[in-house]
Amino acid sequence: MITINKLLKPCLLLVMVVLTNNADAKKKTVVKDYWPNGEPIAEWFSDTAKVDVATLGKRYLLTDYGVRQGTNEVQTRAIQAVIDRAAKQGGGVVVVPKGTFYSGSLFFRQGTHLMVEEGGVLKGSDRIRDFEIRETRIEGQTCKYFTALVNADSINGFTICGKGTIDGNGTSYWEEFWIRRQWNRQCTNKDAQRPRLTYITNSENVTIQDVRLINSPYWTNHIYRCHHVRYLDLYIYSSTVDIKGPSTDAIDIDVCHDVLVRGCYMNVNDDAVVLKGGKGTFADQAPENGPCYNILVENCHYGTTHGCMTLGSESVTDWNVIMRNCRADNTNNVLWLKMRPDTPQRYQHVRIENFTGKCRNFLLVRPWTQFYEKQERQDMPLSECSNMTFRNIRMTCNVFFNVTGSDKYALRNFDFEDIDCSDYGKEKPFSKRPVEGLTLKNVKINGEMIE
């Protein structure tokens, strides 16, 4: 007599085979993501889950420790005391509650984090005397300069979060800068003496999420010698009308790798995402300088900016850079390659894809000579931009391809694919081609296919 178990066993085996085959089929259809040089993009870049503040330890509410709200008094010492207390007691989250709290430079320690609650404002002092002078990194050089409002060094797992605002209170600094420029056109950013908003160094596993970062006196976010850093769903703003915020770059990435910028809105009176790493005739030999690589910018929205993605002006070597699935409302340049004649530079394996909006120049490549300081060097390398890919672009442009050649640098292997853009420039698009190995595939400018 045949039992039910004997009848069911072959069916179960068949179901298991089908499920196994389906699982194998799903595995085979998984599409891997790759960097422009062909290396696979690590799974870390796909993890866009927000940091759960509840897992970061004890909450240290500023007002529980004598920090007062509703006063214009600068309370740097009181706030720093809360940070130091948290560090000594094993770490935790320093919480800025609803209200406005003024401060000068603050220094976060290992195990400490910053949360600005909705309605809360951590506001920078408008007096430069409230910011410490320490050895730091600024404009591609290591020197003594003013620290930022929020500083963190040598931290593994630093988080800035919350729905509140970190406000640099930059208007007075901006006014002074423009007054100095009227007096001296060669006035540099350092001459004007302005703090940055955030400065994070020698750190890893950093996440800055959800907060509003506004009105920085100088660069808004600056990371140096960091890796595995995420900027998620930020609102980054400085004035681009009336009193403009000079050099208020949104995110400066300086000698860093494995950086994700995702879902951010950026409107600043300079470049948005900037790769830096050193400048000068011997920049490639200085140990404090270095490359930026594995940089992914995606799903971002640009308001008014000078450049959505800029390589330079203080940059030595950059590779594996992707900017994708973004839109721009009113940017000067989508990709800006600043080529310093006084600095050996190599920009390789950059890909811009799935980009829409309005711009002055989609691609701008030209010499950059601001504060030019060339020294004598017999073995000066030839700079190079190579392996640049642009695909699936839909833009309204003044000029789509604004590329200038030079005997100081070489341009090689630029590929354009699936482009449908306008170009209202005086010259016919791609009439000048200073690129060795320029490839055009399905490129339509002003409704005309370009070959």
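A residue counts as buried when its relative accessible area is under 20%, as exposed when it is over 50%, and as partly exposed in between. With that in hand, let's look at this predicted model. We will visit helix 2 and then some of the 24 salt bridges found in the whole structure.

**Helix 2**
- Helix 2 covers residues 76-88, and its 13 residues should span 18 Å, which agrees with the 18 Å between its end C-alpha atoms.
- Thr 76, Ile 79, Gln 80, Val 82, Ile 83 and Ala 86 are the buried residues here.
- Seen down the helix axis, these buried residues fall within an arc of 150°, so they line one face of helix 2.
- That buried set packs against several strands, including strand 1 (59-61) and strand 6 (120-124).
- Arg 77 and Lys 88, on the other side of helix 2, are exposed.
- Gly 90, just after helix 2, has a positive phi of about 100°.

**A salt bridge within helix 3**
- Arg 180 and Glu 176 join their side chains in a salt bridge, at 3.3 Å from N to O.
- The two residues sit four apart in helix 3 (residues 171-183), which means about one helical turn separates them.
- Glu 176 has 35% relative accessibility, so it is partly exposed, and Arg 180 is partly exposed too, at 26%.

**A link between distant parts**
- Arg 324 and Asp 33 form a salt bridge of 2.9 Å, N to O.
- This pair is 291 residues apart, with Arg 324 in strand 24 and Asp 33 in the loop between helix 1 and strand 1.
- Arg 324 is buried at 12%, whereas Asp 33 is partly exposed at 31%.
- Both belong to a salt-bridge network with Arg 262 and Glu 298.

Key: Residues are numbered from 1 along each chain as its sequence is written. This is a predicted model: local features need pLDDT of at least 70, side-chain atom pairs count only at pLDDT 80 or more; totals for chains, interfaces and linings use all residues. Side-chain values use heavy atoms; hydrogens and water are left out. The expected span of a helix is 1.5 Å times one less than its number of residues. Buried means under 20% relative accessible area, exposed over 50%, partly exposed in between (1.4 Å probe, protein chains only). The arc is that of the directions from the helix axis to the C-beta atoms. Contact means heavy atoms within 4.5 Å. A salt bridge is a side-chain nitrogen of Lys or Arg within 4 Å of a carboxyl oxygen of Asp or Glu.
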